[in-house]
Amino acid sequence: MRIYCPICGERDSGEFTYGGDATVHRPAMDETDAEAWCQYVYNRENRRGPMLEYWHHTQGCRAWLVLERDTVTHKILSQPRLVGPWADEPKGNPPIDSGSDTGSAERERVSEPVGAE
Amino acid sequence: MGGYRLSSGGSQIDRSRRVRFSFDGRDLGGFAGDTLASALLANEQTLFGRSFKYHRPRGVLSAGAEEPSALVTMRSGARVEPNTKATMVELYDGLEASSQNRWPSLRFDVLSVNSLFSNFLSAGFYYKTFMGPTRKAWMVYEHFIRRAAGLGAGGFQADPDRYEGLHAHCDVLVVGSGPTGLMAARAAAVSGARVILAEEMAQFGGMLPNESETLDGVSAGDWAKATVAELSALDNVTLMPRTSVYGYFDDNVLAAVERVADHMPVPPENTPRQRHWTIRAKQVVIASGAIERPIVFDGNDTPGVMLSDAVRSYALRFGVAAGRKIVVCTNNDRAYHTALQLADRGMTIRAVVDARSTPPQALVEALAARGIEHFPGHVVAKAEGGKALEGVHIAPYDPHTKRLKGASRWITTDALAVSGGWSPAIHLASHASGRPNFRDDIQAFVPGEAEQAWRAAGACNGDFGLAACLAAGAEAGAAAAGDAGFGATALPQPSVEGGEAEDFAVLPLWEVPAIKGRGKKFVDLQHDVTAEDVRLAQREGFQSVEHLKRYTTLGMAADQGKTSNINGLAIMAETRGASIPEVGTTRFRPPYNPVSLGAIAGREIGAHFRPVRLTPMHDWHVAQGADMLAAGAWLRPRVYRQPGESVTDAYIRETRAVRDSVGIVDVSTLGKIDVQGPDAAEFLNRVYSNGFAKLPVGKARYGLMLREDGIVYDDGTTWRLSETQYLMTTTTANAAGVLTHLEHLLSIVWPELRVQVSSVTEQWAGMAVSGPNARRTLEAAVDDMDLSNEALPFMGVRPGHLGGIPVLIARLSFSGELAYEVYTEANYGLPVWEKVLEAGKSFGIIAYGTEALGALRIEKGHVAGPELDGRTTAADLGLGGMASRKKHYIGCMMLDREGLTDPSRLKLVGLVSLSGESIRPGSQLVEGATMATSGPSLGHVSSTTYSPALEKQVALGLVEGGLERTGHRLYATYPLKGHHVPVEVVEPVFFDKDGSRMHV
């Protein structure tokens, strides 16, 4: 599997570390509802099919990315994008050929989280 | 009787080049271009080895990668390689091979008596007999059974050869170089695409040399040679012979092994034995052909029973007749052509036996014209001969009732060519597809729907016949190039003339009834699985294909059932009264062929297995004769032994020297993270469970990091260097993990915090100087620094110079002594280290290693890796006060969950051996005074040492109730080693409880 890093370009997946479900968000620091914290700390959906995921470019620029991947076929369905303070900075050149579907239709889907239902 | 070399013919061999080789110590001769199998057949060697379970004599079945029986051990000594297919071994001068699974010799094998008991040794026998109702019998007999069953044995010496791993990229990968693959490669190459053509055998062309047709006016074999020459002249084509593409992985990544030097006695200089290729292909054409399948009948494993096309291959490609008198047994047309081709080359065909009652008239006439006896509507019901085929019993057969319908007759023969039809080699396709589909006309599975960018073509796709393969290959090659973005160019098809009928329909014929009794009918020749075993599995409820496979081990041998899967499935289907697709098929997984571990490991062995991290002072430690110990990827000095000292002597001496005067230890391996930014203080305050917001500049603080679930993750000191800059230290083990954790928080959880973190572990060298004379030592070493208690109080951090070198000195103590950590730029590590040693000379300074470091910290009750084991909370470790209740931080929300406040949780205690015996780390803590009466475990021992200060064996442990048990006697038990040591529970701080020594 290869992953397109907006900073480094297309790289082998061995450079990246899986970072879990990207639709799970840490509750606000003043959240006192134990249930919300329990959900965040312990509960994860074991999704079959498209899923928004975090990936860390551990052996590269160390940026955190979010991308949509099909957990059955391992196909990456969306253009990975940066998260964090750099998310809005220029993203470098688009991939020349990522070997996976990066059509505009799929790219749209990033904006709609699919993990939490 | 048996095989012999024909006086002429053999498209693949060079009769002018004789090759000497040995088999089981016998010196034999062959020709260049022979395989070991063809050369052995030419030397009348029918017997190749003994079978897996019953030690039955076995010969050679095939001429290719599907071979289940002719497995040999190649070479000897360090280069020994068991279970090599003789059909794949290219002959070279001096080749040394031996047969397997026989004792004392191949011809006389003691354990062949197993065969007499075969009725008892059926599927599941060992487990049923030896494993129930108690496992005792199995434990006694397992050793003998494992010895008796099996194939070849590997060596115990290190492999002296080199293996390499390489990556390749292409537009179109073509797997297989038969008619389909060659045409596909041509078609793709014309378009300009970068093409890789991989062929598992040494010669390109697949089955083409076996065909009797002419292509563009030349023989099929010559056409193959010309086409390969044409392809090799193209810059955009890479030809890869001896390359097995064994797996199809995600994202169109395929893996292959190239046997670079397996056909030589030893690899030439600077050449690896094998190369492992990771191939990234935009498009793949799978042209892996088809595998002929045997028919299951009584005695079908007798040496001399071979596949029809293999017999043809040996004659046409190697000039070797499989026998003096050959019988052909078939359910399809193609085997007739084998008979005709062999007869035309002067070989004796005793008879053609066809299960079909009305074969095509043209074939019948062709046999008659050559005077070959023909038995339509007959099958071979039994083969006889023991170590070499002597003859077969044939009998009339009714395909509707699937029974024999008349008396059998005997035909003397020494080679039986069997064809039960063809199974497309769908292995690679099925790594990257849905379920395969069953086709009734050819009674075989063809690839399912592609889930990646590949197309199967030719025989692999069920399109048999030369013309069909050529056309399918050209089409697939052009389409693949097109999908990879290259314009298609029309490719003229070679004109095919003469030769063989294109009808590949078969009469379903899987298993022939025995003439008498059940017979010995082998489905899986490599794992000795019989038709009876399949029926037994069905009777015992193992009906699904997955259960069948695991219960009988059908198809689980090194050949992965290439010649047995479909027969096993069909017999199960008949037994169940179901169709083959209803029974299902096992989907093949990688690897298609066995892959040597050397090829997978490549160069990542020995020193290259993983990087070794060395501290800046490493060479000094080695020069002092330190015992170096791996700590993760780091090498750290364990002890600096003096002549005659044991490790224990050395660490006790080092520990005493620190407590008495002064010592220095290399702490460069600690994780170090530079934390900078206007929000750094706020960030650290959220990361650590204790307060960090008010840490002043020039001060360090010990911090505890929790996981979100409230368990302790890591600890270390963090130093405030300026308003906006901190130096964080982590444990050696968690350095990488903590950095990732911080980056995750800054990117995903709190992106609004203006903080940057980066690893500076390797930028700093660090050393701790500890002991009552630490201050005096450093005072003598530094240039311009006031190290008095007032100027540099406990936990203070100051920059300065030491011998002109910039340093950071922090007054921290892990040993409980007056101690300082001196940090400097990594390149200055060694000079600073040496200057401190020089300055401490008058105090008798010594360097100490991780053993003494551990002893000192255990005496002080400091927790480390063995206590921060991913199960302990701050409260468990007596650090409950460090888990703040006044602020929000990672892990704070889970502190009060039931599991973490349970009073029965294990808590940190100190333990003192009451008998003077040492306490083993990992011992369980129990109340019983003897091992037999130990009672339930109340906890365990985490860290142990001899305490020179107390002159006692002490330990840290985690125990239920914790310090409530202070003063109680427990036992540290380690039954595996017979240790049962009485211990007293004490406070975890053994030495200098009020900390006065470090505050001077």
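Reader: Which residue is the bridge partner of V675(B) in strand 41 of chain B?
Author: This is a predicted model. Strand 38 (residues 671-676) and strand 41 (residues 725-730) of chain B pair in the antiparallel sense, over 6 bridges. In strand 41 of chain B, V675(B) has as its bridge partner Y726(B).

Reader: Which strands of chain B stand at the edges of the sheet 39-40-41-38-42, and why is one side of each left without a neighbour?
Author: The sheet is open, with antiparallel pairing in the order 39-40-41-38-42 of chain B. Each edge strand has a single partner strand, so one side has no neighbour in the sheet. These edge strands of chain B are strand 39 (700-706) and strand 42 (756-759).

Reader: What angle does helix 19 of chain B make with strand 42 of chain B?
Author: Helix 19 (residues 735-749) of chain B packs on this sheet. Helix 19 touches strands 38, 39, 40, 41 and 42 of chain B. Its direction and that of strand 42 of chain B make an angle of about 160°.

Reader: In strand 22 of chain B, what is the bridge partner of V352(B)?
Author: Another open sheet of chain B has the order 18-27-20-21-22, with parallel pairing. Strand 21 (residues 348-354) and strand 22 of chain B pair there over 4 bridges. The partner of V352(B) in strand 22 is H374(B).

Reader: How far apart do the C-alpha centres of domain 2 and domain 4 of chain B lie?
Author: Domain 2 of chain B covers 163-291 + 424-497. Domain 4 of chain B covers 618-669 + 763-856. The distance between their C-alpha centres is 64 Å.

Key
Residues are numbered from 1 along each chain as its sequence is written. Chains are lettered from A and ligands numbered from 1 in the order in which they are written. This is a predicted model: local features need pLDDT of at least 70, side-chain atom pairs count only at pLDDT 80 or more; totals for chains, interfaces and linings use all residues. Side-chain values use heavy atoms; hydrogens and water are left out. Domain bounds come from an automatic or database domain assignment. Two strands pair if DSSP finds at least two bridges between them. Helices (H or I, at least four residues) and strands (E, at least two) are DSSP runs, numbered from the N terminus. Contact means heavy atoms within 4.5 Å. Axes are lines fitted to C-alpha atoms, for helices over the stretch in contact, and angles run from 0 to 180 degrees between N-to-C directions.
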